[in-house]
Amino acid sequence: MRRNMMRITGAVAVSAVLALGAVACGDSDDGGSGGGNEVTLGFMGDLTGENSGLVIPPKQGAQLAIEQYNATNPKTKIKLKTYDSQGKPEQATSLALGAVKQDKIAGLIGPAFSGESQSVGPILEEAKIPSVSPSATNITLAEKGWKYWHRVVADDAAQSAGVGTFATNSGMKKVFLVSDNQDYGKGLADAIEKAVKAKGAQTQSDAVDDKGTDYSSTVNKINQFKPDLVYFGGYYAVAGRLFKQLREGGYKGKMMSGDGSLASGLIEGTGKENAQGALLSCGCLIDPTGKTNPKAKKFSDDYKAKFGSEVAIYSTEGFDAATAFIEAVKAGKTEPEDINTYLKTIDVQGVGKKIKFAENGELATEDIFIYEVEGDKLPLLGNSNEAKVS
């Protein structure tokens, strides 16, 4: 997932920012990064903003992993401190400064979105604090040369290739791409257009105003083109409005969106009846039945018992991101640089995918999964290489 980006470049700029005294902090509990019997990890993302439905699940996944670890009464316990960025890069920057300077975190789970990751990355690099994002998918994050950055989710390039394969396997020969014209949405829609074109599909594209409510112009263009598939790049609030108007405007083909729309809010915005059969692509794994591996079902059962809700988008990745840090602490690594060194060698099966990082911080295995709205649920249809529309 990506949000509008604010870049901070250069070690000098970062050092100057780190020298600031008063900064915004997360919750109020205290903790040190190492020494003694406790290590503090941070979680950063939009916990109260308009897209918090995409971030609360990974936060809860991370929380569960840490609580289960602490329940084993280990020599070194882990404290989780949350930082609510509301998905805003400038807010994330201030919070990162507080996390580093005041809270002395040993590592950060997040940031959740790529825009805030772009802003926070240089700060963490300067402070030598490792991070593992459960959900930031911007391709360029892995191209920064950062040594302390990692993610447990496939990037937008992998998602685009996966959608191209899925669309081809499903016989979709005409695809209309729509985006919200923001960094994440436009980038994803453009990449998918390129991917499906490479597979032989005819395409057209358009953009909608993410603050707008009337998408009739785009709906008319889609109906004139008569595509097999409409793919929307953006977040679920806009996707819901667009999909609702598409169905009300008479469009009968398939509708699809990406990881930014994989939430119950999409069904609510589209309307339950209109949303049936809508497709979602994501590098995240939501597998409550253990279709992909036994650990996924146990995690799902534990998650539901703890939070009273089903696993959702990035719940699994939140748990796995926390697990990466937990494995380091279990190995006796409690200082940031030691933890980062350990992350270069980790190779364990998570509740979702194998937790193993390439040299640039990318997940070694980049699977893409397809989901299809059924009732008020978003069940897994399968891996993009194998899934076909029902």
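This is a short chat about the empty spaces and one buried residue in a predicted model.

Trainee: What volume does the largest pocket have?

Mentor: About 560 Å³. Keep in mind that the model is predicted.

Trainee: Which residues are closest to its centre?

Mentor: Ile286, Glu310, Val311, Lys377 and Leu378. They are among the 23 residues that line the largest pocket.

Trainee: Which helix gives the most to that lining?

Mentor: Helix α2, residues 56-70. It contributes three residues to the lining of the largest pocket.

Trainee: And how does the lining of the largest pocket split by class?

Mentor: There are 13 nonpolar residues, with five polar and five charged.

Trainee: Now the closed spaces. How many cavities of 30 Å³ or more are there?

Mentor: Two. The largest cavity has a volume of about 50 Å³. The second largest cavity holds about 40 Å³.

Trainee: What lines the largest cavity?

Mentor: Its lining includes Pro111, Trp146, Tyr148 and Trp149. Helix α4, residues 114-127, gives the most, with five residues. By class, the lining of the largest cavity has seven nonpolar, three polar and one charged.

Trainee: And the second largest cavity, which helix has the largest share there?

Mentor: Helix α11, residues 294-307, with three residues. Among the lining residues of the second largest cavity are Ala296, Phe299 and Ser300. Ile286 and Val311 also line the second largest cavity, and both are listed among the residues closest to the centre of the largest pocket. The class split for the second largest cavity is six nonpolar, three polar and one charged.

Trainee: How is empty space found in general?

Mentor: Roll a probe the size of a water molecule over the atoms, and what is left empty shows up.

Trainee: New topic. Where does Asp46 lie?

Mentor: In the loop between β1, residues 38-45, and α2.

Trainee: Is Asp46 buried or exposed?

Mentor: Buried, because its relative accessibility is 1% and the cut-off for buried is under 20%.

Trainee: What does Asp46 touch, leaving out residues up to four places away in sequence?

Mentor: Asn51, Ser52, Val55, Asp84, Ser85, Gln86, Gly87 and Phe113.

Trainee: Which backbone nitrogens lie by polar atoms of the Asp46 side chain?

Mentor: Among them, that of Gly49, at 2.5 Å from a polar atom of the Asp46 side chain. The backbone nitrogen of Asn51 lies 3.2 Å from a polar atom of that side chain.

Trainee: What separates the C-alpha atoms of Asp46 and Ala99?

Mentor: 16 Å, with the two residues 53 apart along the chain.

Conventions
Residues are numbered from 1 along each chain as its sequence is written. This is a predicted model: local features need pLDDT of at least 70, side-chain atom pairs count only at pLDDT 80 or more; totals for chains, interfaces and linings use all residues. Side-chain values use heavy atoms; hydrogens and water are left out. On a 1 Å grid over the protein atoms alone, a cavity is a set of points where a 1.4 Å probe fits but cannot get out, and a pocket is an open set with protein on both sides within 12 Å along at least five of seven lines; lining residues have an atom within 4 Å of a point. Grid points are joined across faces, edges and corners, and a volume is the space filled by probe spheres set on the points. Helices (H or I, at least four residues) and strands (E, at least two) are DSSP runs, numbered from the N terminus. Ala, Val, Leu, Ile, Met, Phe, Trp, Tyr, Cys and Pro count as nonpolar, Asp, Glu, Lys and Arg as charged, and the others, Gly among them, as polar. Buried means under 20% relative accessible area, exposed over 50%, partly exposed in between (1.4 Å probe, protein chains only). Contact means heavy atoms within 4.5 Å. A polar contact is a pair of N or O atoms within 3.5 Å; within protein, one must be able to donate a hydrogen and the other to accept it, and residues adjacent in sequence count only if both atoms are side-chain atoms.
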